[in-house]
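Work through the exercises below with the sequence and the model in view. Try each task before reading its solution.

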Amino acid sequence: MAPPLDERDLKILSVLQKNGRMTKTELAAHVNLSPTPCWERLKKLEQSGIIEGYSANISLKILGSISVIFMEAEINSHRAADFERFEKAVLEIPEIVECWAVGGGIDYIVKFLCADVDTYQRLVDKLLNSDIGLRRYYSYVVTKPVKSSQIPPLDLYERRDGR
């Protein structure tokens, strides 16, 4: 469970989501705090795990042609060991950039970044021939991005917390 956050904490998070490279002094000015209390709040947010890290958003389209493919995956058996085996294999494949276990008619949704569709298909063939229990899969090739954001709306916290 998340520690209680006040309006200043949420403001710090909101400002950092838009610009994680600003100096501590700039951050303090943006949230109307002096640098020391702002720094203490920031450290608390980092230590609690709310801030998981800092990174750069990289434009894949500028780097070159990259195929984004989503896969619905169903595994053979639904024992805990089977899920563990599949998930362990997924962690070892760099082209798999995201994977979610889901409820419903399938077991996982997997996001691949590959040089092209042929590269993706060769990777899937390898998965099918390995002993990870992949029974059936459906592929969805992304034709154009419409919206992509890793920035969670912080007002969800406010509504859940009742503030």
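A residue is called buried when its relative accessible area is under 20%, exposed when it is over 50%, and partly exposed in between (1.4 Å probe, protein chains only). Helices (H or I, at least four residues) and strands (E, at least two) are DSSP runs, numbered from the N terminus. The model is predicted: local features need pLDDT of at least 70, side-chain atom pairs count only at pLDDT 80 or more, and totals for chains, interfaces and linings use all residues. Residues are numbered from 1 along each chain as its sequence is written, and side-chain values use heavy atoms, with hydrogens and water left out.

**Exercise 1. The two sides of H3**

Find which residues of helix H3 are buried, and state which exposed residues its opposite face carries.

Solution. Step 1: locate the helix. H3 covers residues 35–47, and its 13 residues reach 18 Å from the first C-alpha to the last, close to the 18 Å expected at 1.5 Å a residue. The expected span is 1.5 Å times one less than the number of residues.

Step 2: list the buried residues. In H3 these are Cys-38, Leu-42 and Leu-45. They lie on the same side of H3, because they cover an arc of only 60 degrees around the axis. The arc is taken over the directions from the helix axis to the C-beta atoms. An α-helix has 3.6 residues a turn, so residues three or four places apart point the same way.

Step 3: turn to the other face. Thr-36, Glu-40 and Gln-47 are exposed there, on the face turned away from the buried side of H3.

Step 4: look for the cover. The buried residues of H3 are covered by elements including helix H1 (7–18) and helix H2 (24–30); contact means heavy atoms within 4.5 Å.

**Exercise 2. H1 against H3**

Describe how H1 and H3 pack, then decide whether Asp-9 is buried or exposed.

Solution. Step 1: take the geometry. The axes of H1 and H3 are 10 Å apart and make an angle of about 80 degrees, which means that H1 is roughly perpendicular to H3. Axes are lines fitted to C-alpha atoms, for helices over the stretch in contact, and angles run from 0 to 180 degrees between N-to-C directions. Angles under 35 degrees count as roughly parallel, over 145 as roughly antiparallel, 65 to 115 as roughly perpendicular and the rest as oblique.

Step 2: name the residues that meet. From H1 come Arg-8, Asp-9, Ile-12, Leu-13 and Leu-16; from H3 come Cys-38, Arg-41, Leu-42, Lys-44 and Leu-45.

Step 3: examine Asp-9. This residue belongs to helix H1 and is buried, with a relative accessibility of 1%. Leaving out residues up to four places away in sequence, Asp-9 touches Pro-4, Arg-41, Lys-44 and Leu-45.

**Exercise 3. Positive phi**

Where does Asn-32 lie, and which sign does its phi take?

Solution. Step 1: place the residue. Asn-32 is in the loop between H2 and H3 and is exposed, at 60% relative accessible area.

Step 2: read the angle. Its phi is positive, about 60 degrees, although Asn-32 is not a glycine. Most residues other than glycine have a negative phi. Gly-49, just after H3, also has a positive phi, of about 90 degrees.

**Exercise 4. The sheet and its helices**

Give the order of the strands in the sheet, and work out what packs on it.

Solution. Step 1: set out the strands. The open sheet has four strands in the order E2-E3-E1-E4, with antiparallel pairing. Two strands pair if DSSP finds at least two bridges between them. E2 and E4 are the edge strands, each pairing on one side only.

Step 2: follow E1. Strand E1 (residues 67–75) is joined to E3 (residues 108–114) by seven bridges, and to E4 (residues 134–141) also by seven. Ala-73 has Tyr-108 as its bridge partner in E3 and stands opposite Tyr-137 in E4.

Step 3: add the helices. H5 lies across E1, E2, E3 and E4, at about 165 degrees to E1. Helix H6 (residues 117–129) touches E1, E3 and E4, and its direction makes about 170 degrees with that of E4.

Step 4: check the buried faces. In H5, Asp-82, Phe-86, Ala-89 and Val-90 are buried; they lie on the same side of H5, because their arc is only 105 degrees. In H6, Tyr-120, Leu-123, Val-124 and Leu-127 are buried; they fall within an arc of 100 degrees, so they line one face of H6.
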